[in-house]
Amino acid sequence: MLRKFEFNKIPIVEIVNEILFDSAKRGASDIHFDPQENFMKIRIRIDGLLIDYAEVPNDIKKNLVTRIKIISGMNITESRLPQDGAIKATVKEMPLDLRVSALPTNMGEKIVIRILDYTRSLNGLESLGFSESNYKKVLKMIAEPNGIILVTGATGSGKSTTVYSILQRLNKEETNIITVEDPIEMDIEGVNQVQTNSEIGLTFASALRSILRQDPNIIMIGEIRDSETAKIAVRASITGHLVLSTVHTNNSLNTIERLIDMGVERYLLASSLTGIISQKLARRLCPHCKVKRPTNQYEKDLFKDALGKNIDEIYTAEGCENCNNGYEGRIPIHEVLIMTQDVNDAISEKLPKEKMRELVYKSGVTTMLQDGLQKVVNGETSVEEILKIIELDDDETLNGKNKLKENIQDSTISDHNNIEEDNKNEDNIENLQKNLNSIRF
């Protein structure tokens with residue numbers, strides 16, 4: 001149900017404060033102000049999904065946008081160009097750290113406010129939902145004195161949270177940590193943080209060149225965006241520095257290929273890359289209302305081949321007054337690769353992708369699909385969530401098994417009360433079993 005504001009009775013300052021406070025209180029990650037022909041729609045993103053929040057009349061819209069631009073430090077007279085700003089304030093005793101973006105559209109300016117919450121980073125690596133084996137791999141990575149550690153994933157997948165958690169772990173009196181970021185999302189005491197500014201020539205690459213003359217032990221690069229930054233980062237790690245950064249890729253294998261495509265020499269990459277942490281976010285089942293249900297045949301086969309386990313029951317979303325359609329919050333799904341000598345040799349020797357895949361995923365790597373399904377077994381999320389965020393066609397353990405994906409998705413969409421009737425189609429089951437038998441994890 002949309003929230004109603006008395007725009008003609010309450011000052012716009014109080015309305016904006018209430019929108020910010022209420023959205024943060026509900027656990028929203030973003031607030032969208034979408035201009036439309038007859039009104040401005042406000043939507044908030046909770047657990048990765050946008051939901052309608054309120055509607056603003058057109059005669060109030062301009063005042064609301066102006067107020068947001070003022071408190072975020074934007075130019076209120078400029079409405080033809082995109083602008084970025086930030087808000088750091090305390091509303092009703094709640095500290096807020098917000099990033100604001102304004103974009104001109106044909107209906108007026110669209111405003112998006114990102115609500116930053118780094119409580120997980122402050123709580124440490126152990127609070128990030130790593131499985132025991134993946135957690136040990138991460139600890140082993142960050143114990144190395146030099147090399148590159150990459151955190152990969154799509155925008156909004158929690159990469160910054162993971163990187164900041166690692167920095168918190170490494171932040172000790174005897175280490176000199178310098179970061180170069182755009183923007184600086186979280187101030188860390190004891191860490192030297194540099195904000196890039198391309199307008200005056202302070203780019204990632206130029207900042208990195210200066211940082212190398214500042215006697216650093218650890219360097220954090222907000223994001224490797226181009227070949228120049230990638231090459232400098234690799235060379236910095238070879239000269240005795242531990243480098244942390246992020247890349248927009250889906251998994252370990254794609255990350256290696258992306259760096260090679262950026263022009264990083266293979267022999268340098270093979271000798272510098274320490275490990276890769278890939279992640280996505282899945283919605284967490286509400287602990288108050290989640291219920292068990294029996295697995296259908298397709299799910300049984302998937303669990304058996306992915307995890308080597310016979311799973312007869314799993315939890316699913318129900319929905320109650322404490323959650324959003326059966327989900328409350330999100331959890332990360334990880335894939336953690338520690339580089340081995342075999343993988344390094346494969347990079348140097350230009351082995352084909354198929355051989356590289358075999359070496360990477362036979363080196364003890366738990367794929368995102370496997371990590372996600374284990375969290376389904378643990379009752380943390382649902383099969384439907386895992387199938388939604390992980391493309392089975394792209395998962396290296398199920399590469400090319402298109403028919404499997406179709407059958408599994410069909411089974412999760414169908415009414416579970418009709419499982420027995422679905423299973424009567426022996427031809428489909430026989431074809432699916434042939435596909436499953438050909439999978440090797």
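**Close-up views of helices α6, α7 and α13**

**View 1. Helices α6 and α7 are roughly parallel to each other.** In this predicted model, the axes of the two helices come within 9 Å and cross at roughly 20 degrees, and because angles under 35 degrees count as roughly parallel, the pair α6 and α7 is described in that way. The crossing of α6 and α7 is left-handed. On the α6 side the contact is made by Phe204, Ala205, Leu208 and Arg209, while α7 contributes Glu228, Thr229 and Ile232. Sorted by character, the residues of this contact comprise four nonpolar, one polar and two charged.

**View 2. Helix α6, which spans residues 204-211, has buried residues that include Phe204 and Ile211.** Phe204, Ala205, Ala207, Leu208 and Ile211 are buried in this helix. These residues lie on the same side of α6, because they cover an arc of only 160 degrees around the axis. Among the elements that cover the buried residues of α6 are the strands β8 (177-181) and β10 (218-221), together with helix α7 (227-238).

**View 3. Leu369 is found in helix α13, which comprises residues 368-377.** Leu369 counts as buried because its relative accessibility is 0%, and buried means under 20%. The C-alpha atom of Leu369 is separated by 8.9 Å from that of Glu391, a residue that lies 22 residues apart from Leu369 along the chain.

Key. Residues numbered from 1 in each chain as written. Predicted model: local features only at pLDDT ≥ 70, side-chain atom pairs only at ≥ 80, totals over all residues. Heavy atoms only, no water. Buried < 20%, exposed > 50% of the residue type's maximum accessible area, 1.4 Å probe, protein only. Helix = DSSP H or I, 4+ residues; strand = E, 2+ residues; numbered from the N terminus. Arc of directions from axis to C-beta. Contact = heavy atoms within 4.5 Å. Axes fitted to C-alpha atoms, helices over the stretch in contact; angles between N-to-C directions. Parallel < 35°, antiparallel > 145°, perpendicular 65-115°, else oblique. Left-handed = near helix turned anticlockwise from the far one by under 90°. Nonpolar A, V, L, I, M, F, W, Y, C, P; charged D, E, K, R; others polar.
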